[in-house]
Amino acid sequence: MEFRLLGSFEAGWSGEPVAVGRRRQERLLLAILLLDAGRAVTIERLTDLLWDGEPPAGARGTVHTYVGRLRAVLAPHRVAIVTTGGGYAVEGADVDTARFADLAHEMAGTTDPAERVRLASAALALWRGPLLADLAGEALRERLGAPLRDLRLTTAETYARVLLDMGHHDRVALDLTGLAREHPSREGLVASVMTALYRSARQADALDLYDHARKALATGTGVEPGVELETVHQRILAGDPRLERPAAPVYAVRVRDQWLPWSVGGHPALELCNTYAGWGGERMPGAEWLRGYPALAVWAGHQDLLDDATVTHLLRLAQRDPLGAAAVLDETRDLRTRLYACLTDAEDAKAFAAVARHVEEAAAVSVFRRGPDGLGHWLVTPAAGLRAPLLAAARSAGELLADPRRFTVCACTSPTCGWLFIDHSGRRRWCSIATCGEHT
């Protein structure tokens, strides 16, 4: 049986509405249990919430009566209210609040932009209005749903940022303007929506949203807008071109639909290490180039470790198996860290052993074929699946670690860089153009 709490209370079975509870308090009691579906809610908490901290003398008996009525209605639909631990718990219910939380947490756990947008969009679409709009007042709603509200706003902020980075300002303006007006204290959300409105040629609406947020902040907390919000406001007033489009990394190339770092190392294994800018300092915004599995697959193709047809196949596989793709991405980042340690500290035996395991695995799924250039090449077979770019990169790493050139590998000495490059002369100090994480 399905229950919808993100808006007015609704119940349904096989697509048809089901009337539940003759009284508002009965439905509210069920909703409280559903918010903690599968976990017990004590009778003391139920009476406290149902009567706003002042339960009457017969409150416990009334709760028992409500539960009995609800059990009779729910039993034919395979939903049970069980007595446990001095309270009650609901079992067998499909609740939109739980589905929302699952989608939001899954979104937070992936780095692929398209997948983040899909999950966030699905999560936010479950909200039809305020939690229990027809059953709870603001004070009770705050007690019951503050964590859900915060998760909704955090999800919306991420959704807005990713869409703006992808150039989809129209969707941000359409989907989130109302939410930004409802929650003016979420300055990150307001700033993103203002940017989206400005890019949609709605400068007046963007400035109106800023005025609304500024007045709400002054009235509610007595503070002025923060740096992020004020910066967007000033840039809109000045017609700053930086608001017109997503910011592209300074030292980057566009391949397919991915931004990739310039090749500065002289070897694919070094370029793998250079997909993280900022080895020498704190992690700067924009320093992580491998933001998602698509970037990894496209990077491997760009480095000639995989052919175009394989890259296209991998992108499709990743769409069908986002969790598997995310796991490969994490493993590749770990290989990158281990390889960097090998190349900057020849005595790091632990790092070498970790890289060697990947190299040996790559060898087991590779074949030797003659390429169009007439030379022989090692190629990862389709059996590698989503792991193909990881293993192709590992094979390249093994080749470099077995080559005397690895002793000519240097790291950029910029405190915020550390990118690797081959220097036969031994006189260079910087990678090509002092490419650093703070600039990306």
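Thr97 sits in helix H4, which covers residues 96-108, and this briefing starts from that position in a predicted model. From there the text turns to helix H1, to the way H1 meets helix H3, and then to two loop residues with positive phi values.

**Thr97 and its surroundings**

- The relative accessibility of Thr97 is 5%, and because buried means under 20% relative accessible area, Thr97 counts as buried.
- When neighbours within four places in sequence are left aside, the residues in contact with Thr97 are Leu5, Leu6, Leu34, Leu35, Leu131 and Leu148.
- Two of these contact residues, Leu34 and Leu35, belong to helix H1, where they are listed among the buried residues.

**Helix H1**

- Helix H1 runs over residues 24-35, and 10 of its 12 residues are buried, so H1 is largely enclosed by the rest of the structure.
- The buried residues of H1 are Gln25, Glu26, Leu28, Leu29, Leu30, Ala31, Ile32, Leu33, Leu34 and Leu35.
- The length of H1 can be checked by a short piece of reasoning: at 1.5 Å a residue its 12 residues should span 16 Å, and this agrees with its end C-alpha atoms, which are 16 Å apart.

**How H1 meets H3**

- Two packed helices are described by the angle between their axes and the distance between the axes.
- Helix H3 comprises residues 59-74, and its axis and that of H1 come within 10 Å of each other and cross at roughly 80°.
- Because angles from 65 to 115 degrees count as roughly perpendicular, this crossing makes H1 roughly perpendicular to H3.
- On the H1 side the contact is formed by Gln25, Glu26, Leu29 and Leu30, while on the H3 side Val63, Tyr66, Val67, Arg69, Leu70 and Leu74 take part.
- Sorted by class, the contact of H1 with H3 has 7 nonpolar, 1 polar and 2 charged residues.

**Two loop residues with positive phi**

- Ser14 is placed in the loop between strand S2 (10-13) and strand S3 (16-17), and although Ser14 is not a glycine, it has a positive phi of about 55°.
- With a relative accessibility of 67%, Ser14 counts as exposed, because the exposed class begins over 50%.
- Asp52 is found in the loop between helix H2 (43-50) and H3, and its phi is near 55°, which is a positive value in a residue other than glycine.
- Asp52 is exposed, with a relative accessible area of 59%.

Conventions. Residues numbered from 1 in each chain as written. Predicted model: local features only at pLDDT ≥ 70, side-chain atom pairs only at ≥ 80, totals over all residues. Heavy atoms only, no water. Axes fitted to C-alpha atoms, helices over the stretch in contact; angles between N-to-C directions. Helix = DSSP H or I, 4+ residues; strand = E, 2+ residues; numbered from the N terminus. Parallel < 35°, antiparallel > 145°, perpendicular 65-115°, else oblique. Contact = heavy atoms within 4.5 Å. Nonpolar A, V, L, I, M, F, W, Y, C, P; charged D, E, K, R; others polar. Expected span 1.5 Å × (residues − 1). Buried < 20%, exposed > 50% of the residue type's maximum accessible area, 1.4 Å probe, protein only.
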